[in-house]
Amino acid sequence: MNKQIQITKTEDGLLLSNLPEGFGQASCQAVVLEQSKLLIHAGTSDVASAITLSKCSGEMLFDFLLGIHRREWTGKVRVESGKVAKSLFFRNGDFIFASSDLIDDRLGEVIYRDEMISLDQLTSFAVKVDRKNKFGQVLLRSGAFTSLDLWNALKSQANEILRSVFLPDSCYVEIHGGSPPIALSFEDRTQELIESAYLYGANYRVFKSRLKPSCSISVKTQSPFAKETKGTFLSDMLEMCRDKPTWDALLKKSKLSETNTIATLMKLLATGQIQISGMSEVAAQSLASNQVKLDNAIGVYKSLVKKARETFEKTSIEFPINDLASFALTLNSDGGAAIFLDENGELTTDSVINIYQQCITNRFRVEYFQLRIEALSRFLFQVSGDLLPAENMGAIRSAAPGV
């Protein structure tokens, strides 16, 4: 029969009682695992493996959550990293809600970052929140949100918390019973949500590893996505980047946690709105055997967009960059976004890095991205045929045979 060890704080330290038989006679040792974790052991030679197994990597967490889904488990998974704890709720294996004790994960902060409300609105609504009035209720009563808006905002919040548990290098996991305060319903299957969150975390960790304190950040003057609205989160973040700070300086200036500051920079860089100089290179890694198809798809698009741009320039017809960039965005799945274009219609360097990193993490993404890059090429070819004189399409067709 398992005993529940009791821990009591005394003037001399922590008193452990109700220990298993024989444990009290051993010479106990304590090892600090993390800020709030202390491993008490009996001085055995297995302590190294015990320390290793007490932590959960992103890959282990991914397998664990998929296992919960497939076993149709009901309850709460508590994920702790450092001093932050987050909870994922499942019902019959389906992900239905998430909560977090991090301020950045509160509903108001999430919808502000998602550009659903302005900073002034966030401040105004926040002061009306108390024990009787939740933030969502304040949104509804103000008329700023409909019930549908709030439902979608809660899904966005839960999805963001799910993605965020994969951002740290390691975490601690506990499972409990219990029901969430609300049960949401997602259009995507739980397995797809978990896979997307896992891929997002893998990309985040690679991006974070490339950042150095001395990296310089600046705003690009031309971008297909440069649509700022004063008072929005995007506008505020870009305003900080206009001072061309180093990464270390921006981190000190940002009001967000380090995690969300990095995640925001990753998105702004991928969409071509900022540039970061001095980042570390990504180590080359091999992909699955079907990598050649993805390589070919990217190569074909590169040739096609170059020839199309030259042809549009010769005919003095405006290159449809906005339509092309907007179509590229539709090819991204939530959380695993990687397909972004620069002002010339080219895949950005970080977009290509992101694509290959996802494929390294999950070999099934090779075909996923191959099909989407091929769709991007076909869209460009179709739009070019609609806008250019027929006699100019021969050169474009020769640049991408079979598109």
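H11 and H13 cross in a right-handed way. This is a predicted model, and below is a quick run through two helix pairs and a pocket. H4 and H5 make up the other pair, with an angle of about 110° between them, and both helices also help line the second largest pocket.

**H11 against H13**
- Helix H11 covers residues 291-314 and helix H13 covers 349-361; their axes come within 12 Å and cross at roughly 165°.
- Since anything over 145 degrees counts as roughly antiparallel, H11 and H13 are therefore roughly antiparallel to each other.
- On the H11 side you'll find Gln291, Leu294, Asp295 and Ile298, which meet Ile355, Tyr356 and Cys359 of H13.
- Sorted by class, that H11–H13 contact has five nonpolar residues, one polar and one charged.

**H4 against H5**
- These two pack at about 110°, and their axes sit 10 Å apart.
- That angle makes H4 roughly perpendicular to H5.
- H4 goes past H5 in a right-handed crossing.
- Leu122, Phe125 and Ala126 from H4 touch Phe135, Val138, Leu139 and Ser142 from H5.
- The H4–H5 contact breaks down into six nonpolar residues, one polar and no charged ones.

**The second largest pocket**
- Its volume comes out at about 790 Å³.
- There are 27 lining residues, and Arg106, Leu107, Lys134, Phe135 and Gln157 are the closest to the pocket's centre.
- Strand E8 (94-100) and helices H3 (107-113), H4 (119-126), H5 (135-142) and H6 (147-164) each put at least two residues into the lining.
- As for chemistry, the lining splits into 14 nonpolar, eight polar and five charged residues.
- Phe135 turns up twice here: in the H4–H5 contact and among the residues closest to the pocket centre.

Key
Residues numbered from 1 in each chain as written. Predicted model: local features only at pLDDT ≥ 70, side-chain atom pairs only at ≥ 80, totals over all residues. Heavy atoms only, no water. 1 Å grid on protein atoms, 1.4 Å probe; cavity = no way out; pocket = protein on both sides within 12 Å on 5 of 7 lines; lining within 4 Å. Points joined across faces, edges and corners; volume = space filled by probe spheres on them. Helix = DSSP H or I, 4+ residues; strand = E, 2+ residues; numbered from the N terminus. Nonpolar A, V, L, I, M, F, W, Y, C, P; charged D, E, K, R; others polar. Axes fitted to C-alpha atoms, helices over the stretch in contact; angles between N-to-C directions. Parallel < 35°, antiparallel > 145°, perpendicular 65-115°, else oblique. Left-handed = near helix turned anticlockwise from the far one by under 90°. Contact = heavy atoms within 4.5 Å.
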